[in-house]
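Please open the structure in a viewer and keep the selection tool at hand. The tour below proceeds stop by stop.

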Amino acid sequence: MSTHRLKRRKPWRLAVVAVAVTGIAAPAAAMATQNPPTPTAGRTAGAVGAYDDTYYKDALGKTGPELKKALHTIVSDQTKLGYEQVWDALKDTDEDPANPSNVILLYTGRSQSKGSNGTGNDDWNREHVWAKSHGDFGTDVGPGTDIHHLRPTDVTVNSTRGNKDFDVGGDEVQEAPGNRTDGDSFEPRDAVKGDVARMILYMAVRYDGGDGFADLEPNDNVDNGSAPHIGRLSVLKEWSKQDPPDDFEKKRNQTIFEKFQHNRNPFIDHPEWVQEIWK
């Protein structure tokens, strides 16, 4: 266990970033491995209720392990991308609503040119929110390329987060005010705490030990290393409640569903399912 100082629990800081919804850029080509669902007329970013009679119909009324199992079956029906295709997909899913030439970076909240992706200190790259070493899946097609948990992130801040678990406390990240880190954990800024939680919990539902990959499960620990776990579950559950899905997150979920993977993050559509599964 790390010998860093004990984390302090701190009061919730209100998010100050509001995001408007605008149009979506043209998609990158996707490599289909399964037949995606047939598009339904009238799909809109806010029309979640329509999916209860179609997409989620086999999950309704369930709770606990049965709900998790049903959601796994539902979200596993997806189109998969190659790792190079992720670059173009993120330019669409994370487009800045106020500037279609830019993307919004996850941890800094900075709007940055779509063309500035790369390896330089001020470029953006592909952050695996579920750190790829936690389960050792690397960039393999599957969990390594699932854009429900891949986000544009400042290269330096991505390196600072590394493969740390999520928890509260630590020192503020100089290049990303509002984010904090210490020896074994990372705390994202308030405006995306819920986003991070729901991405982690999606991965736990989607990847359950099949497809040749590890069974990804959150736990209430930090410093999980290469084990297929990420913590701290109790904190992630609280973040999901404190920071409910906003328009940007809902729009992103819809774009992934309609244009790329053709599956959804159920915890964006039904945040209450977090508590139903992880009681």
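Two strands are said to pair if DSSP finds at least two bridges between them. The model on display is a predicted one.

**First stop: a sheet of three strands**

Select strand β2, residues 99-104, together with β3, residues 111-113. These two strands pair in the antiparallel sense, and 3 bridges link them. Within this pairing, Asn 102 of the structure stands opposite Ser 113 in β3. Now add β1: the result is an open sheet of 3 strands in the order β1-β2-β3, with antiparallel pairing. Because β1 (95-96) and β3 each have a single partner strand, they stand at the edges, and one side of each is left without a neighbour in the sheet.

**Second stop: Lys 114**

Select next Lys 114, in the loop between β3 (111-113) and β4 (124-128). Is Lys 114 buried or exposed? Its relative accessibility is 12%, so Lys 114 counts as buried. Follow the side chain of Lys 114 to the backbone oxygen of Pro 100, which it reaches at 2.9 Å. Then display Asp 94, which is 20 residues apart from Lys 114 along the chain; the C-alpha atoms of the two are separated by 9.6 Å.

**Third stop: a sheet of four strands**

Turn to the strands β6, β9, β8 and β7, which form an open sheet in that order, with mixed pairing. Which strands stand at its edges? They are β6 (165-166) and β7 (171-172); each has a single partner strand, so one side of each is left without a neighbour in the sheet. Select β6 and β9 (residues 185-187): the two run parallel and are joined by 2 bridges. Phe 166 has Phe 186 in β9 as its bridge partner.

**Fourth stop: the nonpolar cores**

Keep Phe 166 selected, for it also belongs to the largest nonpolar core, which has 44 residues. Leu 71, Phe 166, Ile 200, Phe 267 and Trp 278 are the members that touch the most other members. The helices α2 (64-75), α5 (193-206), α6 (233-242) and α9 (273-277) each supply at least two residues of this core. The largest share, 9 residues, comes from α5. Centre the view on Ile 200: leaving aside residues up to four places away in sequence, Ile 200 touches Val 129, Trp 130, Phe 166, Ile 230 and Leu 236. A second core, separate from this one, has 13 residues, including Val 86, Val 103, Ile 147 and Leu 150.

**Fifth stop: Ser 76**

Select Ser 76, in the loop between α2 and α3 (83-93). With 15% relative accessibility, Ser 76 counts as buried. Its side chain makes a polar contact, at 3.4 Å, with the side chain of Arg 206.

**Last stop: a cavity**

Rolling a probe the size of a water molecule over the atoms shows where empty space is left. How many cavities of 30 Å³ or more does a search of the whole structure find? The search finds 2. The second largest cavity holds about 80 Å³ of space. To display its lining, select His 148, Arg 151, Asp 195, Arg 198, Met 199, Glu 249, Arg 252, Asn 253, Ile 256, Asn 265 and Ile 268. Two or more residues of this lining come from each of α5 and α7 (247-260). The largest share, 4 residues, is that of α7.

Conventions
Residues numbered from 1 in each chain as written. Predicted model: local features only at pLDDT ≥ 70, side-chain atom pairs only at ≥ 80, totals over all residues. Heavy atoms only, no water. Core = buried A, V, L, I, M, F, W, Y, C linked by side-chain atoms within 4.5 Å. Buried < 20%, exposed > 50% of the residue type's maximum accessible area, 1.4 Å probe, protein only. Contact = heavy atoms within 4.5 Å. Polar contact = N/O pair within 3.5 Å; in protein donor to acceptor, adjacent residues only side chain to side chain. 1 Å grid on protein atoms, 1.4 Å probe; cavity = no way out; pocket = protein on both sides within 12 Å on 5 of 7 lines; lining within 4 Å. Points joined across faces, edges and corners; volume = space filled by probe spheres on them.
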